[in-house]
Each structure stands twice: as C-alpha cells, then as structure tokens.
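Student: I have a new structure open and would like to learn how to read it. Could you take me through it step by step?

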Protein chains: 2
Amino acid sequence: MSKSESLPPSSGGSEPRLSRASVNRFSLYLRHLERLAQEGVQKVSSGQLGDALGINDAQVRKDLAYLGNLGQPGIGYHAPELITALRHRLGIDRPWSAVLVGVGNLARALLRYRGFEEQGFRFVALFDADPQKVGQQVDGLVIRGPDEMPAVVAATGAELGVVTVPAAAAQTVADALVAAGIRGILNFAPTILRLPPGVSLVAVDLAVQLEQLAFLVHLAGNE
Amino acid sequence: MSKSESLPPSSGGSEPRLSRASVNRFSLYLRHLERLAQEGVQKVSSGQLGDALGINDAQVRKDLAYLGNLGQPGIGYHAPELITALRHRLGIDRPWSAVLVGVGNLARALLRYRGFEEQGFRFVALFDADPQKVGQQVDGLVIRGPDEMPAVVAATGAELGVVTVPAAAAQTVADALVAAGIRGILNFAPTILRLPPGVSLVAVDLAVQLEQLAFLVHLAGNE
C-alpha cells in the first residue's frame, strides 16, 4: 500500500484539494498515456482510459477536469496535451534529485530500475551506516557515511530521500534526512515514520501489498 | 501505487462490498494494532487508531463496523479481538504460499523481508528464465526453469505469484502463472497486466510511488 501521513491540510487556496486516491490515479493516467503516445496514439477518450485502468468513466472525467478544460465532447483528449498537463500538475515537468539510505538488495534493485530516470528522478547520493560499505561504488555512486548527509544534501540540492534501512533504524534515518534538508521521504521500512509538518511521506509496505492480494484472492474465492 | 484490476464485480451476496481503499486501510489498522499488542496495549479507540494512521475518526468507525459489533461506546475496541477479526476478514488467519518469478535484486530483497513470514506468507518456489540462474539456491530455495512451473505450483499448492521480471516479460510470465493455477499476482514490473476473471492482481509501480512523493512535495511547496 502507499499512503501519506503528511498530505498538507486543507488550505484556503484557490485550487480544489486533491485526494491521495486522485493523485494515485493521475500517476496511472500518465503511465498509460505515455504508453499510448509511444504507440503513436493521439486521441483518447475518458472511457478508453478508464477501461484500460479499471476506473469508471465518470471518475476519469472528474479527475481530468481538475487539469483544466482539455477534453472535447465526442472526440476526447489529445494525449500529448494531457501528458504535458499531468506532468505539470504533478510537478514532474522538472528533474528531481533523490538520495538513498541503506544500500542492500532493495536499494540495488531501485538504483537499477530504469523507470525512475525516465520520469526525471535521479539518485545523486547513497548512504549506509555500515563502515564496510562506505567507500564502495554502486552504479557509479560512492556509498557515504551518515555523517556526510548534511553536506551532501546541501551540495546536491536533493529534495527526496528513499529509506531502505531496517525498521529499527528508519526513524533515526528519517530524522537525519529531514535535518539535512530533505523535503519528502519514500519509506520502504515496515514501520510508520513520524515527520514534521511540511515534509511529505509516501510509505511502501511490501507485506501489506501481499496481504491485500491474499484478501482479494480470499474474497474472489468466496463469491 | 497499488491497484487491482480484478476486484470482483458487485455481487448479490449478503455482505457489503469493500472498496480497494478500505482494504488498504484494514491492512494499516492491522499493522498498527499488532504493534500496540506487542507493547501490551489492550484497549484502543477509533480516534487513537485514526490519529496514528492519519485517517479520520468517522472513517475508522465505519470501516471497523464492517467487522461486526466489536467496539464499546466510551471504551473503544479490544485490540486482540480486533486483530483476530481483521485477520479473519482479510483471509490471512491461515498461511499462504507464494512462488516468485524473476530472481534479481528485488526478488532477493523480498525473499529476505521478514514481514512476509510474520504475516503468514511463505515463498515455496523460485523461477527464472536465465539458464545460468536455474539450479542456484537463494535462501534455501532452488531456482527452477519456467517449464517446471505447472508441476511445482501443483505440488506446492501455491496460490500467489510474485512477478519481479522486466516489463517486457511480465505478461508472458503472468499467463504462465495463471495457466499453472496461480490465483493472485503481485506485480512489480512497470507494466499493466491483463488477467482473466477470477485471478486477482495487486500492482506495485515503484516509479509511481516516487512520482507521488514528488507531487506531495511540489504541492507542499506551493501552499
């Protein structure tokens, strides 16, 4: 599952608030539209988008209305225009730099995951508390000790931190990342992190994912 | 993000349908309650649960009402009773066996992730199409070739399949898992899988997670 404990509170701003679920769907729309664009598809309807992603038509139209008046009745959306609007709205029409803490198997998998770079995310530094790992290189990046975090975050201008340490170390690591100036944390450790206001959090609990799958299978078996 | 394209359609059964978001929250409640139980906490209110997880009180009460009449007004819930009810409702009050296909870094991280075993999930077989990997052992399991899938799934009674192959191979692997009798797939490959009715799907797209974090940071910066 993925959740945020720090979705900013409802503000008096002029833009309507987006739910975490809408943000989730925006990412899905974007991923699917990019696939269509690669295949040369220019026009797409809310129904086609919904069918491909298992989201109902009305919800798709409501979500996309949030981006402005982009759809044309009876014709649909211009895919490249929708991609641009989504990337702008999601704040990923510019590159983002991330640091990663805890260089184990999961970290190595993440570093080699091509999807990140394609979406404009770049790992700029790695940290690990294990002195045996400090100084080693992984995918062109030198693993550094936690004491270097403030200087490295400042020097690289990294805004995001990915936490792949064991649960027991995760809060300490998160506190250090926040102290170093990181503004958002992607947490893979199976523990709930407490972050100060203004620092965003997305948590990926892998056991929860498998649990939800078991539940869906259980439910399907009882139909 | 995590999504299911195969939530069973609304049926005429007697139990109210659960949304994917509720299932998500159930997993969160369970994780938090287990932590409380470890700390010896016996009583918990919907407000405490909600505060800890960033979910509003009314939603917590509505969700938990789905489990039956477990709460007592002014007192709250008995944590161990709630845990039992949640595990039963989620279908994880029994062990589940899973096979994994694609033994790279992500697979190795998943195999070593203790949370799975604690929640009753057990990996019983590994598959990889690379002949160099077939025959190797990882964490006590021998990597097998894809041709052994039907026999191994039948012999182990595995119901869940975890897909950690590259995107280009994911649909073929999913089809093979389904043909072998797997009833639910946890997909880490960054591609949308098509599964037949009755086979459940949870997809974890790691780039989407980072994208959502960037969006939250972007949004927080514009407040």
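Student: What distance separates the centres of domain 1 of chain A and domain 2 of chain A?

Tutor: Happy to help, and please keep in mind that this is a predicted model. Taken over C-alpha atoms, the centres of domain 1 and domain 2 of chain A are 31 Å apart. Domain 1 covers residues 19–90 of chain A, and domain 2 covers residues 96–208.

Student: Now the two chains. Which rotation superposes chain A on chain B?

Tutor: A rotation of 180 degrees does it, with 0.0 Å of shift along its axis and an RMSD of 0.0 Å. That is why we can speak of a two-fold axis here. The two copies also use the same surface, since 98% of the contact residues of chain A recur in chain B.

Student: How many residues does each chain bring to the contact?

Tutor: In general, the size of an interface is often given as the accessible area lost when the parts come together. Here we can count residues instead: chain A supplies 59 and chain B supplies 58.

Student: Which elements of chain A supply at least two residues each to the side that touches chain B?

Tutor: There are helices and strands among them. The helices are α1 (20–38), α5 (105–111), α6 (114–118) and α9 (206–221) of chain A. The strands are β1 (2–3), β9 (184–187) and β10 (200–204) of chain A. Of these, α9(A) gives the most, with 15 residues.

Student: What classes of residue make up that side of chain A?

Tutor: The side of chain A that touches chain B has 31 nonpolar, 18 polar and ten charged residues.

Student: Let me try a pair of helices next. At what angle do the axes of α2(A) and α3(A) cross?

Tutor: The general idea is that two packed helices are described by the angle between their axes and the distance between the axes. In chain A, helix α2 (residues 46–53) and helix α3 (residues 57–65) have axes that come within 8 Å and cross at roughly 115 degrees. α2(A) and α3(A) are therefore roughly perpendicular to each other. The crossing is right-handed.

Student: Which residues make the contact between α2(A) and α3(A)?

Tutor: From α2(A) come Ser46(A), Gly47(A), Leu49(A) and Gly50(A), while α3(A) offers Asp57(A), Val60(A), Arg61(A) and Leu64(A). By class, the residues of this contact are three nonpolar, three polar and two charged.

Student: And in chain B, how do the axes of α2(B) and α3(B) cross?

Tutor: They come within 8 Å and cross at roughly 115 degrees, and the crossing of α2(B) and α3(B) is right-handed. On the α2(B) side, Ser46(B), Gly47(B), Leu49(B) and Gly50(B) meet Asp57(B), Val60(B), Arg61(B) and Leu64(B) of α3(B).

Notes:
Residues numbered from 1 in each chain as written. Chains lettered and ligands numbered in written order. Predicted model: local features only at pLDDT ≥ 70, side-chain atom pairs only at ≥ 80, totals over all residues. Least-squares fit on C-alpha atoms with pLDDT ≥ 70 in both. Contact = placed C-beta atoms within 7 Å. Axes fitted to C-alpha atoms, helices over the stretch in contact; angles between N-to-C directions. Helix = DSSP H or I, 4+ residues; strand = E, 2+ residues; numbered from the N terminus. Parallel < 35°, antiparallel > 145°, perpendicular 65-115°, else oblique. Left-handed = near helix turned anticlockwise from the far one by under 90°. Nonpolar A, V, L, I, M, F, W, Y, C, P; charged D, E, K, R; others polar. Domains from an automatic or database assignment.
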